[in-house]
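User: Please take a close look at the charged side chains of this chain, asking which of them pair and in what surroundings, and then follow the strands that carry or adjoin them. One connected account would suit me better than a list.

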Amino acid sequence: MRAASTASLVLAATTVLACTGDDAREGAPVVTRDTVGDTLVVRTESGSLWGAARDLAPTASIGVLEGDDAYMFGSVSSIGVTADGRILVLDNQVPILRMFGPDGAHIRDVGSAGEGPGEYESPDGGMSVLPDGRIAVRDPGTGKIVVFDSQGDHLDDWRLPYGGGFSTSEGFYVDSESLLTMTITNLGAPVTEWVRGYIRFSHDGTVRDTLFAPGWDFEEWRVSGQSENSSSSTGVPFAPDTNVYYSPLGYFVGGLSTDYRIELFKPDGILRIERAWDPVPVNSEEASARRRSIEESFRERFQGWSWNGPDIPDTKPPYSGLFVAEDGRIWVVVATPSEEFMSLAEAAEEERATGRAPNRFRAPVAFDVFEPDGRYLGRVNAPTGFSLSPRPVFRGETVWAVTRDEFDVPRVTRFELVPND
């Protein structure tokens, strides 16, 4: 499955839509709809259905710096939320899967460390709640997916094809009929030749097939180093990239961020979401710091190494990631201007302590939210400390995510959408 080249498509129809009557208001969306071959293009030129932006306001959190072990998190690799609001936190530093009530009170630990039934040796980022309430945990260490009932009691183990040993931070994808887990289908090949696919399990644990995400004709912006014994590569900061997600509605959603364009590969055809956008400049000081960090790292491993990839661009891509909520809404991580959060004096002190110059800049997290039919709802701003990894849980007007405070303490925080004041 892949996106068709826009150069070969013929415009069939164009419609310009705007809110009128009771919905007419300042800032109401102006939208064009084009039929291009088998693709419906929905482009928001201006405005949004919500009007003003919204903020994510914290309403509850779980996690402490010191205290009961059940509330002290080390390395949270995945979070999940049941239909009745219980919160699941997989901490792979222990490792343990903890279940909390909607009020944040610890209910129980689900499973335990080990290799036997109901146990996991080295779980990674794969943990999800199935539509019927069962809980699935991926354990590459033993090559299985461990399945628990909605109360946390062990039910079954599903064997992973291609064996265990391949660990990934990418979580499960779940729809009404199946569970998808990312894999490399040719692990014996060189890293640069790996083929990424998604093993699709039916909800009874049988393997249906392996799906492959859509692709775009694009060469990644990378720098690389090689010696007699090792090789390494990394992406160029602020370069465009491909982003793919599997929707709970049963299809891939993705795009190439050279432009503001997201494609939904629905069974009945492609829906392309577009939005007018103003490029966000890359801060020159941040670009220099990011480049210097990469150069120092590569020169430590590869003698005489010099930059061998494209230059860091002057503007950021329109978006850097996307998520699809349980209801099919698309949450697009949009570019925002970077802000200085560390003074030169603080940076110098950290460099003396660590031997490396830190990046003194960070970009606030913000989302554009779209309905699965392409309508633009509006902008959502996240607070400082909001983390995009592990994957947040999006459900209607509520979001759960890992956050970190000024002491770098990880917490699982519940947010509600509120008007931006």
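Analyst: **Charged pairs and their surroundings**

The count of salt bridges comes to 30 in this model, which is a predicted one. Side chains of opposite charge can pair when their charged atoms come close.

One of these bridges joins the side chains of Asp153 and Arg108, with 3.0 Å from N to O. The pair links distant parts of the chain, since Asp153 sits in the loop between E13 and E14 while Arg108 belongs to strand E8 (residues 106-110), 45 residues apart. Asp153 counts as partly exposed because its relative accessibility is 38%, and Arg108 is likewise classed as partly exposed, at 26%.

Within helix H1 (residues 284-301), Arg291 and Glu295 lie 4 residues apart, about one turn of the helix, and their side chains meet in a salt bridge of 3.0 Å, N to O. Arg291, at 27% relative accessibility, counts as partly exposed, whereas Glu295, at 14%, counts as buried.

A further bridge, between Glu274 and Arg272, spans 3.8 Å from N to O. Glu274 has a relative accessible area of 10% and is therefore buried, and Arg272, at 5% relative accessibility, also counts as buried. Both residues take part in a network of salt bridges that links Arg43, Glu45, Arg261, Glu263, Arg272 and Glu274.

Asp139 offers a contrasting case: this residue is buried yet has no salt bridge, the nearest side chain of opposite charge being that of Lys144, 5.4 Å away. The distance to Lys144 lies outside the 4 Å that a salt bridge requires. A polar atom of the Asp139 side chain does, however, lie 2.8 Å from the backbone nitrogen of Glu121. Setting aside neighbours within four places in sequence, the contacts of Asp139 are Glu119, Tyr120, Glu121, Ser122, Pro123 and Lys144.

Asp139 is part of strand E12 (residues 135-139), and E12 belongs to an open sheet of 4 strands, ordered E11-E12-E13-E14 with antiparallel pairing. Strands E11 (127-129) and E14 (154-159) stand at the edges with a single partner strand each, so one side of each is left without a neighbour in the sheet. Neighbouring strands of this sheet are turned against each other by 20 degrees on average, direction ignored. Strand E13 (residues 144-148) runs antiparallel to E14 and is joined to that strand by 5 bridges, and Phe148 has His154 as its bridge partner in E14.

Further along the chain, strand E16 (residues 178-184) is mostly covered, with 7 of its 7 residues buried. In a regular strand the side chains alternate between the two faces of the sheet. In E16 both faces are covered, with Ser178, Leu180, Met182 and Ile184 buried on one side and Leu179, Thr181 and Thr183 buried on the other. A hairpin of 3 residues joins E15 to E16, and these two strands run antiparallel with 2 bridges between them. E16 is also joined to strand E17 (residues 196-202), again antiparallel, by 7 bridges, among them the one that gives Ser178 its partner Ser202 in E17.

Note on methods
Residues are numbered from 1 along each chain as its sequence is written. This is a predicted model: local features need pLDDT of at least 70, side-chain atom pairs count only at pLDDT 80 or more; totals for chains, interfaces and linings use all residues. Side-chain values use heavy atoms; hydrogens and water are left out. Buried means under 20% relative accessible area, exposed over 50%, partly exposed in between (1.4 Å probe, protein chains only). Lys and Arg count as positive and Asp and Glu as negative; His and the chain ends are not counted. A polar contact is a pair of N or O atoms within 3.5 Å; within protein, one must be able to donate a hydrogen and the other to accept it, and residues adjacent in sequence count only if both atoms are side-chain atoms. Contact means heavy atoms within 4.5 Å. Two strands pair if DSSP finds at least two bridges between them. Axes are lines fitted to C-alpha atoms, for helices over the stretch in contact, and angles run from 0 to 180 degrees between N-to-C directions.
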